[in-house]
Each structure stands twice: as C-alpha cells, then as structure tokens.
Amino acid sequence: MNIIVSGQHLKLTDALREYAIMKCRKVEKYFDGINEIKLNLAGDDTKSEGPIHSACATMYLAGKTIRIEAEDKSLYSAIDEMLDKMIRQVKKYKDMKADKK
C-alpha cells in the first residue's frame, strides 16, 4: 500500500508525517485490497472559531475510490477522526462486497 502525505497552509513536520502514515497503516488489517491512500492535511485560520485543521484522505481500492474528510481544532484529533471514518467505510465496503458473493 502506497501512502502519500501532503500539507496545505501548514508546515508538515517529520513527526506529523510519521503519525499520519502510522494511522493510515492501521486500515490494512481490515482490508487488503487498498492500492493507495492520498492524505491531505490542511490548516485554516477562521475569524470566529480560530484555527481549524482538516484531514482529507482519498483511498483507491480495487474498483472503488473512497474519500474521507474530518475537521477539528487539533490536527492530531482530525487525523484520528479521519481514521475512524476510514475504518467504518472500509468495513462497509468489505461487507457489501461479501454480500454480493
């Protein structure tokens, strides 16, 4: 599985990159057919709420593309929330694929 991590409007440190890759690798134990994950981490500064961080992932499976987005005040929390959504979507796809057989 190939994982590509990019940053937008924030400095992407090695620790942050490794944390995101480590979290994305956890999805492999739920489904083996993941070809690639593109992860985009972004930081926005709003006037009313302050800094908001978002984590967007695009997963390329065999025959399907899944996009997941999560936002939070902390970038690490946004990555964790995105991972939870990613696992739910992969389980849903795996169950749907098993039901067709």
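Tutor: Let's begin with the word "patch": it is built from residues with over 30% relative accessible area and no salt bridge, joining like charges within 9 Å, or nonpolar side chains (Val, Leu, Ile, Met, Phe, Trp, Tyr) within 5 Å. The areas come from the Shrake-Rupley method with a 1.4 Å probe, and for residues only the protein chains shown count as cover. This is a predicted model, where local features need pLDDT of at least 70 and side-chain atom pairs count only at pLDDT 80 or more, while totals for chains, interfaces and linings use all residues. Residues are numbered from 1 along each chain as its sequence is written, and side-chain values use heavy atoms, leaving out hydrogens and water.

Student: What makes the surface patch of Asp 44, Asp 45, Glu 49 and Glu 71 negative?

Tutor: Asp and Glu count as negative, Lys and Arg as positive, and His and the chain ends are not counted. The patch consists of Asp 44, Asp 45, Glu 49 and Glu 71, so by that rule its members are negative. Each charge is placed at NZ of Lys, CZ of Arg, CG of Asp or CD of Glu.

Student: Why is Glu 49 called partly exposed?

Tutor: Buried means under 20% relative accessible area, exposed means over 50%, and partly exposed is in between (1.4 Å probe, protein chains only). Glu 49 has 49%, so partly exposed is the right label. This residue sits in the loop between β2 (34–46) and β3 (50–61).

Student: How do you know what counts as a helix or a strand?

Tutor: They are DSSP runs, numbered from the N terminus: H or I over at least four residues for a helix, E over at least two for a strand. The protein chain has 2 helices and 4 strands, in the order β-α-β-β-β-α. Its C-alpha trace spans about 50 × 30 × 20 Å along the principal axes, and 38% of its 101 residues count as buried.

Student: What makes the pair Lys 23 and Asp 80 a salt bridge?

Tutor: The rule asks for a side-chain nitrogen of Lys or Arg within 4 Å of a carboxyl oxygen of Asp or Glu. Here the closest N and O atoms are 3.5 Å apart, so the pair passes. It ties together distant parts of the chain, with Lys 23 in helix α1 and Asp 80 in helix α2, 57 residues apart. Lys 23 is buried at 13%, whereas Asp 80 is partly exposed at 26%.

Student: Which other pairs get the name salt bridge?

Tutor: Glu 69 and Arg 67 do, at 3.2 Å from N to O. Glu 69 is partly exposed at 44%, and Arg 67 is exposed at 53%. Glu 81 and Lys 85 also meet in one, at 3.7 Å. The structure holds 3 salt bridges. As background, side chains of opposite charge can pair when their charged atoms come close.

Student: Why are Glu 81 and Lys 85 separated by about one helical turn?

Tutor: Because they are 4 residues apart in helix α2. Both fall in the partly exposed class, Glu 81 at 28% and Lys 85 at 27%.

Student: How do you know whether Ser 54 is buried or exposed?

Tutor: Its relative accessibility is 11%, which is under the cut-off, so Ser 54 counts as buried. Ser 54 lies in strand β3. Contact means heavy atoms within 4.5 Å; leaving aside neighbours within four places in sequence, Ser 54 touches Asn 40, Leu 41, Ala 42, Ala 70, Glu 71 and Leu 75.

Student: What makes the phi of His 9 worth a look?

Tutor: It is near 60°, a positive value in a residue other than glycine. Most residues other than glycine have a negative phi. His 9 lies in the loop between β1 (2–8) and α1 (14–25).

Student: Why is His 9 called exposed?

Tutor: At 65% it is over the 50% mark, so exposed fits. Lys 29, in the loop between α1 and β2, also has 65% and is exposed. The C-alpha atoms of Lys 29 and His 9 are separated by 32 Å, with their positions 20 residues apart along the chain.

Student: And what makes Arg 88 exposed?

Tutor: Its 55% is over the cut-off, so exposed is correct. Arg 88 belongs to helix α2 (residues 75–100), and its C-alpha is 9.7 Å from that of Val 27, 61 residues away along the chain.
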